[in-house]
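Colleague: Could you take me through one part of this model up close? I'd like to hear about the mixed sheet and whatever packs around it.

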Amino acid sequence: MSRGSILLAASVAFGAMALSAAGCSKQDKATGESSSAVDKGDKVRLQLKWMTQAQFAGYYAAKAKGFYMEEKLDVSILPGGPDIVPEQVVAGGGAEFGIDWLPSLLSAREQGTPLVNIAQVFQHSGMREVAFKTSGIKTAADLKGKKVAVWFGGNEFELLATLDKYGVDRNKDVTLVQQPFDMNLLVTKQVEAAAAMTYNEYKQVLDTGVKPDDLVVIDFNQEGTAMLEDGIFAREDWLAKDPKHKDIAARFLRASLKGWAHCRDNASECVDVVLKQSPTLGKDHQAWMMAEVNKLVWGPPAGPEPGLMDKAAFRQTADIALKFKVIKKPAEDSAFTHEVWELAKKK
């Protein structure tokens, strides 16, 4: 699995827990180096949405290459997992910054959690629906009458929006199947189509000996039904509490984007950096993931500069979230801010 489900009903209690910019362990879990060896500057924590893999290579590279240290930051990178909701961690003071998909952030905000997207790192969606050509599926419209697998729990909305676009009634015209976190249903042809992230499950299919020419790939970006994925968020009240906090956020973002630029230009090196962090996947898979994640950050197609929220993409994501009741009322543009990104660009 590569994402962690978008949890739509997370109830977050944050008021009783104090924010702490400190981490007092004697050894840095991400690097193994002694925290007393050098004064690294302001201490902050980044909560990932999933376990260690090249999906987050830019942050690991920023730490390994000293980009955070150059910004006088001591950054601890906290791996995620199936039971970790980044919004809850940040809201409760367990980290200053978090990574998650935008719909999850919008849901948390609607429930009163004061979080705000400060940078949209992935400019494109990595989610696809994949089918064998032998199934007769050529376009999304051909999903009508078929068994179609997808991850539920919040990952299904791009597919549902696409079915709706083509007038395919998800309750009558298609059989939706709960997809486990592997591609066995598709590979064994128990379903005609299944969900896949470009950087993970799609490669799982190819690793079984299937050729790309054997597959039809429905790209939600091309369909106009994509939703924004990995973005960086923080607590609004933390940013507003002290002018220094916005400066810290800007320095963190500047170094992180430098890390992503390094991974664009030195993908193999960044794979090695990730492999040193107790990853969950092998080198070949991490190399594939690094190449595909770079496309989500940098294109093609080229989008806004990484970190800068595209307002049209935000609105598309928010509208789909509203239509399928991820949120109950239209999301406001205040769910994201360009201020930190602009501060990061000033240096």
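Modeller: Here's a walk through that sheet, followed by its helices and a few spots elsewhere in the chain.

Keep in mind that this is a predicted model. The sheet is an open one, built from 5 strands in the order S2-S1-S3-S10-S4, and its pairing is mixed. At the edges you'll find S2 (73-78) and S4 (115-120); each has a single partner strand, so one side of each has no neighbour in the sheet. Going from one strand to the next, the twist averages 30°.

Let's zoom in on the S4 end. S4 runs antiparallel to S10 (residues 231-235), and 5 bridges join the two. If you want a spot to click on, try Gln120, whose bridge partner in S10 is Gly231. As a general reminder, strands of a sheet pair through backbone hydrogen bonds, in either a parallel or an antiparallel way.

Now for the helices on this sheet. H10 (residues 243-265) packs on it and touches S1 (42-47), S2, S3, S4 and S10. The direction of H10 makes about 60° with that of S1. Then there's H4, which lies across S3 (97-100), S4 and S10. Relative to S4, H4 runs at about 160°.

H4 (residues 102-110) also has a helix partner, H13 (residues 311-323): their axes come within 10 Å and cross at roughly 65°. That crossing of H4 and H13 is right-handed. On the H4 side, the residues that meet H13 are Leu102, Pro103 and Leu106. Facing them from H13 are Phe314, Thr317 and Ala318. Sorted by class, this contact between H4 and H13 has 5 nonpolar residues, 1 polar and no charged ones.

If you follow the chain back from H13, you get to the loop between H12 (283-298) and H13, where Pro300 is found. Pro301 has its place in the loop between H12 and H13 as well. Have a look at the backbone there: a cis peptide bond joins Gly299 and Pro300, with omega about 15°. The peptide bond from Pro300 to Pro301 is also cis, and its omega is near -10°.

One loop back, between H11 (267-275) and H12, sits Ser278. Ser278 isn't a glycine, yet its phi is positive, at about 55°.

You'll probably want to know about cysteines too. A search of the whole structure finds 1 disulfide. The pair is Cys263 and Cys270, with their sulfur atoms 2.3 Å apart. The torsion about that S-S bond is about -95°, so the disulfide of Cys263 and Cys270 is left-handed.

For some contrast with the antiparallel S4 and S10, look at S6 (residues 147-150) and S7 (residues 175-178), which pair in the parallel sense over 4 bridges. Within that pairing, Val150 has Gln178 of S7 as its bridge partner. To get from S6 to S7, the chain goes through H5 (residues 157-165), and this β-α-β crossover is right-handed.

Notes. Residues numbered from 1 in each chain as written. Predicted model: local features only at pLDDT ≥ 70, side-chain atom pairs only at ≥ 80, totals over all residues. Heavy atoms only, no water. Pairing = 2+ DSSP bridges. Right-handed = clockwise from strand over helix to strand, strands pointing away. Axes fitted to C-alpha atoms, helices over the stretch in contact; angles between N-to-C directions. Left-handed = near helix turned anticlockwise from the far one by under 90°. Contact = heavy atoms within 4.5 Å. Nonpolar A, V, L, I, M, F, W, Y, C, P; charged D, E, K, R; others polar. Disulfide = S-S within 2.5 Å.
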